[in-house]
Structure formats: structure tokens, C-alpha cells
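Student: Please take a close look at one part of this protein, its interior. I should like a single connected account that begins with how one tells the inside from the outside.

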Amino acid sequence: MRLFFKKFFSVRCVLSYLLVLSLWYAGMCCYYKIKYWGFSLSPKEVTDIWTIDAKVSFKAIGGDVEAVLGIPTNNDSFEILSEEIVANGYEINQDKENNVIVFKGANKNGKQNLYYRLNIYDDYKKEAKGALAPKKVARPILDDEEKIQMKKIWELTELQKGDRVQKVIKTINQEMANPTMSLVLPLNYTPKEFAEKIVHILSYKRIPARLVRAIKLEEGKKTDKPDIMLEAYFDNKWTLYDLNTASVGLPENWVVFQRGGVALLDVHGGENSKVMFSVLKSVATPLKMAEFRAKDSALLVPYKYSVYSLPILEQNTLKWLMIFPLAILMVVIMRNVIGVSTMGTFTPMLVAMSLVKTGFVPGLVCFSIMIFLGLLMRTLVARLNLLLVPRISFVVIFVIMLIQILTVIGYRLDYEIISSAIFFPIIITAWIIERASITWEEEGAKNTLKEIFNTMITAMMTYVVISSEYVRHVMFAFNEFNLVIMFIVMLLGTYTGYRLTELMRFAPLVKNKD
């Protein structure tokens, strides 16, 4: 039993268990953020925000005016980001229960303009589901001739394909030109009259149905007549139908603006009233939209205590901190697995972070110039036999002056490579120069150049990883992966075998033994 616990609860095994748990935790967090907050693995993905403007215009005839405008509510077809109402001189009452806005004004005369703006996002691509099951529909009262014609229509529906609602729509579309069918619309019918007739025919079979006004989300679209669709309760669910083709479902990039047969606009105390709709499109990143999606989810608390609820300035700072663990992992792999020696433990990581700011080629050239000139000056100062702290202080001051000179020259000559010097850490640059000088004196030029080369190779490999926009986005949006990286680093810390460079070093001994 003791051996069992020693084997399965060793440091390496425990860290392996924790690594698996961290992977599971990170996976669950990613799933939650993608599903409920709308996060994406791609930094270039954006969320479409559609603005629907409804302009109500009419001519007041003098006296009190009351205008009632039907409005949508949050449903499965879209989410409301914000609403704006502009009606100067009017009392505004938004009735959410009946989905209307009531404008009341006193002593109004002449042309009146009222505005309602709706910003929606996200789920407009999904099919809109209606409310709960409606009450039982009463059969219409028909005379004998209408009953015969109604039965004839239902008999004709059997010749069509589709569900019962689709069959009725297809039949009426074919038979509306028949003058003997008084139940069918005349030639000059409106879409609303057509939909009302379908509702009337469906009520004969006690199938609940209602009118739906829908708007197509199309950039720059303007219309004063929303499209009329039909919504019927069939097979225990509300289903939308196109009145022209009888196709099922809400078409792509359409939203339901109003349900029911009530008027879209009803004006008392005015004439020549109409509603003009216009559609505009804008975009936002999923990170910016996360707060609004989180409000609609059951758990808002995780978002309030996440880094995404912080101000933008703090978020931009944390974006760089979130990439540090990945850069550290690269350094650990290069030093403990591959076995390269560098000028300082995390110097390559800091150099790589600087290269991200400066750009690879400009930063590399500028950094090389600074190291070369710094080593040259350090060699000259070595003859003065200064103490350690003053000597390092001299190097730091020289680096600062060198950065100033290169920055001014780069600005005047508009030369990007030279102007990149300001982004390099001063202390780290000075320490590389001092460390290289000491190594040169103690171990020779070969080892010094080798360490500088390894440092630059490690920095360049780290740069390749952290410079990716996708990697930086994933590490910030799904920062739970830093927990995984932490346990990977700890597991690598338990490795005591040969490095890759050591295997290459001792390869001749193995051959001689064979």
C-alpha cells in the first residue's frame, strides 16, 4: 500500500493529475465563453449590429394627438441591444406587455415626426419562435354557400405537398384567380388581406394563426411596408410561413418586428400617417458584446468578476501580461528540454516582447547595433578598473544616451529601424552588455558569441509564437490556458534527464562504446 501511494502520488503524478484537471477546466470555460458570451477563436470575427429606424410621420389636425406604434420584444430571433425614442413635445409611454409605444401630445397642428430606433444583435439568424400555445380557436360562422366553398378548398389542399398550412397557402395561390371562389381574394389584394384570408381558412380546422410583420436586414434598406408573413401553431409549435412560396422558417437575415393582426400604427387626431423603416449595419468585437450577452445569460456574476469587465486601458495592459506565460514556456523548453544557454533566464522573453512592439527586422537590427556599440564601450571602460556597481551604472547611462541618439536620428531621417530603439528594456540591454563582457573576459569570445546567438535564437522563436494575433487573442480571451501552462512548466521542472544538446554532445561516446 505504501508503494502504491508512493507511485501514484509522487510529485510527477500529482502534477499530471492537476494538468488534466486544468485542461478540463480550461475546456469548460472556453465552452461557456463561446456559448454564452459569444467569444470566438478568431480575433477578426465581429458581431453584426443592426439598427432599425422607424420614422412615424402624420399631419395633426389640431388638438390632442395619440399615436400607437407596435414594437418588437426580445425573442428567439434577436436580442435587443438598446432602444431610443425621440418625440419632442410628446408624452411617451412604452407598454411592454402589449408591445406598443404610446405617444400623447396636446395642441398639435401640422406635420409631425416621431422616431423609434432599435439596435439588435446576435441571434437574428435563428428562427423566431412564437409565444406559448394559444387558446382554442373558434370556428368562423359561415353560410351554406361559404361552407361548400370552404370544404372545396380543403379538398383541393389534398392535392398539394407539405404540411396542412403549406397546402392551404399553395392552394389559395393557385385558386385566387377563380372568380367562382368568393372566399378567395380578388385580383387587387394586399399581402395583409391575403394573410388574413389564410388565417380565416385555417380557423375552420381550428388551427391558430396570426400575421407577422418582418423586416429584412439589408444595409441601406428603406421601406414603408414591412413584409407580411404567416405564423401558425402546428405540431405543438409556432412556425413561420412565406405567403408566396409556402416555405417554412424565417429567411436568413430577417427579423420579426411585430406579431398579431393589430395595426402597426394607429393615430388619433391626425391623418396621412405612415411608418418609414430604414436599416443600417455596424460591427463590434465579441469581447465588447460579451457584457450584453452575459446579461441575457443565467450567470452574470462570472462576467462581473472577469478581466473583461475592466476598463479598456486595464484590459490592454492585461493583454500583454496574458501572453507572458506562453513566452516563459518557450524559454523553459529551450533551456530545460533543448538545453541552450542564454544571457539571463528570461532575457530572451523580454527581447521577444520588444520585437513584437518594434517589428522583427527593425528591432533585430536596432538591438544588434545597441549590443555592438555597448560591448565596444564596455571594453574601453574595462581598462579603468571601475567597481561593479559604477561599471554597470555607466553601461545603463550609456544605453540611455544611445537610445536617445538613435531615436532622434530615426525621427529626423524617418528611419524605422533606428527609431525602434526606444522600445527595448534599458536595464536588460545594459545587463546583456555587462554579462557578455564578463563572459568574454572569463570564457573567451567563442562562448560569449555562442550565448548571444542562443539568446537571439530563443528570442526569435519566442517572437514567432507570441507575435501571432490569433495566439494573443486566444490567450487573452481564454486566459484559463495560463493555468495549463503553469502545470506544464512544473512538470518540465521534474525532468532530470539529458537535454537534446547533451545527447548530441555525448553521441560520440556512445559510438565508441559500440
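Tutor: A residue is called buried when its relative accessible area is under 20%, exposed when that area is over 50%, and partly exposed in between. The model under discussion is a predicted one. By this scale Glu 271 is partly exposed, because its relative accessibility is 37%. Glu 271 belongs to strand β13, which covers residues 270-284. Leaving aside neighbours within four places in sequence, Glu 271 is in contact with Phe 58, Lys 59 and Ile 61. Lys 59 stands 212 residues away from Glu 271 along the chain, yet the C-alpha atoms of the two are separated by 5.3 Å.

Gln 166 offers a case on the other side of the cut-off. This residue counts as buried because its relative accessibility is 14%, and buried means under 20%. Gln 166 is part of helix α4, residues 164-175. Beyond its neighbours within four places in sequence, Gln 166 is in contact with Lys 161, Tyr 241, Ala 246, Ser 247 and Val 248.

The protein as a whole gives the setting for these two residues. It has 514 residues, of which 43% are buried, and it contains 17 helices and 13 strands. Of the contacts with a separation of 6 or more, 76% join residues 24 or more positions apart.

The nonpolar part of the interior comes next. In soluble globular proteins, nonpolar side chains tend to be buried together. The largest nonpolar core here comprises 35 residues, and Met 370, Val 399 and Ile 466 have the most contacts inside it. Two or more residues of this core come from each of α8 (312-338), α9 (347-358), α10 (360-382), α11 (388-413), α13 (426-443) and α14 (445-466). The greatest contribution is that of α11, which supplies seven residues. Ile 466 touches Ile 323, Ala 327, Ala 352, Met 353, Val 356 and Arg 472, when residues up to four places away in sequence are not counted. A second core, separate from this one, has 30 residues, among them Ala 60, Ile 80, Ile 101 and Val 279.

Within the largest core, the pairing of two contributing helices deserves attention. The axes of α10 and α11 come within 10 Å and cross at roughly 140 degrees, and α10 is therefore oblique to α11. Their crossing is right-handed. On the α10 side the contact is made by Cys 366, Met 370, Leu 373, Gly 374, Met 377, Arg 378 and Val 381. On the α11 side the contact is made by Arg 391, Phe 394, Val 395, Phe 398, Val 399, Leu 402, Ile 403 and Leu 406. Met 370 and Val 399 thus appear in this contact, and both are among the residues with the most contacts inside the core.

Finally, there is the matter of covalent links between cysteines. A search of the whole structure finds zero disulfides. Cys 29 is in no disulfide, and its nearest cysteine sulfur, that of Cys 30, is 7.0 Å away. The sulfur of Cys 30 has that of Cys 29 as its closest cysteine sulfur, and the two are not bonded because 7.0 Å is too far for a bond. Cys 29 is buried, with a relative accessible area of 15%, and Cys 30 is also buried, at 11%.

How values were computed: Residues numbered from 1 in each chain as written. Predicted model: local features only at pLDDT ≥ 70, side-chain atom pairs only at ≥ 80, totals over all residues. Heavy atoms only, no water. Core = buried A, V, L, I, M, F, W, Y, C linked by side-chain atoms within 4.5 Å. Buried < 20%, exposed > 50% of the residue type's maximum accessible area, 1.4 Å probe, protein only. Helix = DSSP H or I, 4+ residues; strand = E, 2+ residues; numbered from the N terminus. Contact = heavy atoms within 4.5 Å. Disulfide = S-S within 2.5 Å. Axes fitted to C-alpha atoms, helices over the stretch in contact; angles between N-to-C directions. Parallel < 35°, antiparallel > 145°, perpendicular 65-115°, else oblique. Left-handed = near helix turned anticlockwise from the far one by under 90°.
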